[in-house]
Amino acid sequence: MTKTVSIAYHSGYGHTAKVAEAVAEGAKAVAGTTVTVIKVDGITDADWSKLDASDAIIFGAPTYMGGPSAQFKTFADATSKRWFTLAWKDKIAAGFTNSGSYSGDRLASLQQLSILAMQHGMIWVGQTESAPQLAGTDVPKIEDINRVGSFSGLMTQSNSKSGPDIAPPSGDLETARRFGKRIAEITNRFSKA
Ligand SMILES: Cc1cc2nc3c(=O)[nH]c(=O)nc-3n(C[C@H](O)[C@H](O)[C@H](O)COP(=O)(O)O)c2cc1C
């Protein structure tokens with residue numbers, strides 16, 4: 001039976017959008033998976049219906065001022081309508097954030113996304129790619145997988161003066177593909193029939 005993985009994200013300047021595309025590519029690579037990509041600013045009634053019908057929702061937001069962007073938070077607050085009836089209970093959930101700095105306090109963003117998921121009774125899935133630092137790499141390279149070493153979700157980093165044509169770098173986008181694949185695989189294993 002086909003499983004549906006939706007990616008609900010905001011991107012102000014295109015970097016997080018690149019990550020969302022890569023996550024979608026990875027999820028699509030898993031047989032029997034339908035992928036829906038939804039921009040949460042300008043979300044429509046049809047988009048909400050797609051989210052309601054999804055087996056998994058992957059939340060994505062840039063880190064702005066140490067948390068998910070205001071546009072994403074507006075969407076998160078609007079999901080409260082679903083919270084009242086636990087409409088998203090037992091869906092698989094995951095999340096990603098993109099920031100300008102290597103830290104940039106973006107863990108706070110991922111924590112917000114995971115708290116959102118758990119308020120809804122969703123099942124949060126983290127990152128399992130080993131960080132290059134664990135292999136003894138002194139300075140992570142732009143092609144490294146899980147370059148920034150995040151495990152509670154997917155983190156990518158885009159230099160502020162680099163446009164979305166070159167940032168985030170290739171390794172971060174490949175990490176995003178692998179993350180999307182993992183979430184789709186988990187969804188196929190654990191989601192409701
Ligand atoms: C209003 C605003 C606030 C930001 N705050 C942070 C921050 O707290 N930490 C950080 O590392 N980068 C911060 N940035 C940089 C963005 O995270 C970075 O440019 C990111 O690539 C933007 O993603 P987007 O193109 O999807 O909007 C901020 C950018 C903006 C516009």
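A pocket here is an open set of grid points, with protein on both sides within 12 Å along at least five of seven lines. A molecule sits in one if more than half of its atoms lie within 2 Å of the grid points. Keep both in mind for the first stop. The model is predicted.

**Stop 1: the ligand**

Select the ligand. The space it takes is the largest pocket. Which elements give two or more residues to the shell around the ligand? Colour helix H1 (15-28), strand S3 (56-64) and strand S5 (92-99) to see them. S3 gives the most, with 3 residues.

Now show the whole shell. It holds 17 residues. The closest are Ser-11, His-15, Thr-16, Tyr-64 and Asn-98. Colour the shell by class. You get 4 nonpolar and 13 polar residues. How many charged residues does the shell have? None: the shell has no charged residues.

**Stop 2: oxygen atoms of the ligand**

Zoom in on the ligand's oxygen atoms. Draw three distances.

- Select Thr-16. An N or O atom in its side chain is 2.6 Å from an oxygen atom of the ligand.
- Select Thr-63. Here a backbone N or O atom lies 2.8 Å from a ligand oxygen.
- Select Gly-12. A backbone N or O atom of this residue is 2.9 Å from an oxygen atom of the ligand.

Next, switch on the ligand's surface. Taken alone, the ligand exposes 640 Å². The protein buries 78% of that area.

**Stop 3: Gly-95 and Gln-127**

Go back to strand S5 and pick Gly-95, which is found there. Is Gly-95 buried or exposed? Its relative accessible area is 0%, so Gly-95 is buried.

From Gly-95, jump to Gln-127. The two are 32 residues apart along the chain. Their C-alpha atoms are separated by 9.4 Å. Gln-127 has its place in the loop between strand S6 (123-124) and S7. Being in a loop does not decide the class of Gln-127: at 6% relative accessibility, it counts as buried.

Keep Gln-127 selected and add Gly-42. This pair is 85 residues apart along the chain. The C-alpha separation is 29 Å.

**Stop 4: Leu-116 and Ala-93**

Select helix H5, residues 107-119. Leu-116 lies in this helix. Its relative accessible area is 11%; the cut-off for buried is under 20%, so Leu-116 is buried. Now add Ala-93. The C-alpha atoms of Leu-116 and Ala-93 are 9.6 Å apart. Along the chain, these two are 23 residues apart.

**Stop 5: Gln-157**

Move to strand S7, residues 154-157, and select Gln-157 there. How does it rate for burial? Gln-157 has a relative accessible area of 2%, so it is buried. Show side chains around it. Which residues have side chains in polar contact with the side chain of Gln-157? One is Asn-159, at 2.7 Å. Another is Arg-147, at 3.0 Å.

**Stop 6: backbone geometry**

Turn to backbone torsions. Three places are worth a click.

Select Ala-167 and Pro-168. A cis peptide bond joins them, with omega about 5°. Pro-168 lies in the loop between S7 and helix H6 (170-190).

Next, select Asp-90. It is not a glycine, yet its phi is positive, about 70°. Asp-90 has its place in the loop between helix H4 (80-83) and S5. Its relative accessible area is 32%, so Asp-90 is partly exposed.

Then select Asp-105. Its phi is also positive, near 60°, in a residue other than glycine. Asp-105 lies in the loop between S5 and H5. Is Asp-105 buried or exposed? At 55% relative accessibility, it counts as exposed.

**Last view**

Show the ligand again, with S3 and S5 coloured. Both strands are among the elements that give two or more residues to the shell. Gly-95, picked at Stop 3, is found in S5. Asp-90 and Asp-105 can stay selected too: the loop of Asp-90 leads from H4 to S5, and the loop of Asp-105 lies between S5 and H5. Leu-116 lies in H5.

Conventions. Residues are numbered from 1 along each chain as its sequence is written. This is a predicted model: local features need pLDDT of at least 70, side-chain atom pairs count only at pLDDT 80 or more; totals for chains, interfaces and linings use all residues. Side-chain values use heavy atoms; hydrogens and water are left out. A residue is near a molecule or strand if one of its heavy atoms lies within 4 Å of it. A polar contact is a pair of N or O atoms within 3.5 Å; within protein, one must be able to donate a hydrogen and the other to accept it, and residues adjacent in sequence count only if both atoms are side-chain atoms. Accessible areas come from the Shrake-Rupley method with a 1.4 Å probe; for residues, only the protein chains shown count as cover. On a 1 Å grid over the protein atoms alone, a cavity is a set of points where a 1.4 Å probe fits but cannot get out, and a pocket is an open set with protein on both sides within 12 Å along at least five of seven lines; lining residues have an atom within 4 Å of a point. Helices (H or I, at least four residues) and strands (E, at least two) are DSSP runs, numbered from the N terminus. Ala, Val, Leu, Ile, Met, Phe, Trp, Tyr, Cys and Pro count as nonpolar, Asp, Glu, Lys and Arg as charged, and the others, Gly among them, as polar. Buried means under 20% relative accessible area, exposed over 50%, partly exposed in between (1.4 Å probe, protein chains only).
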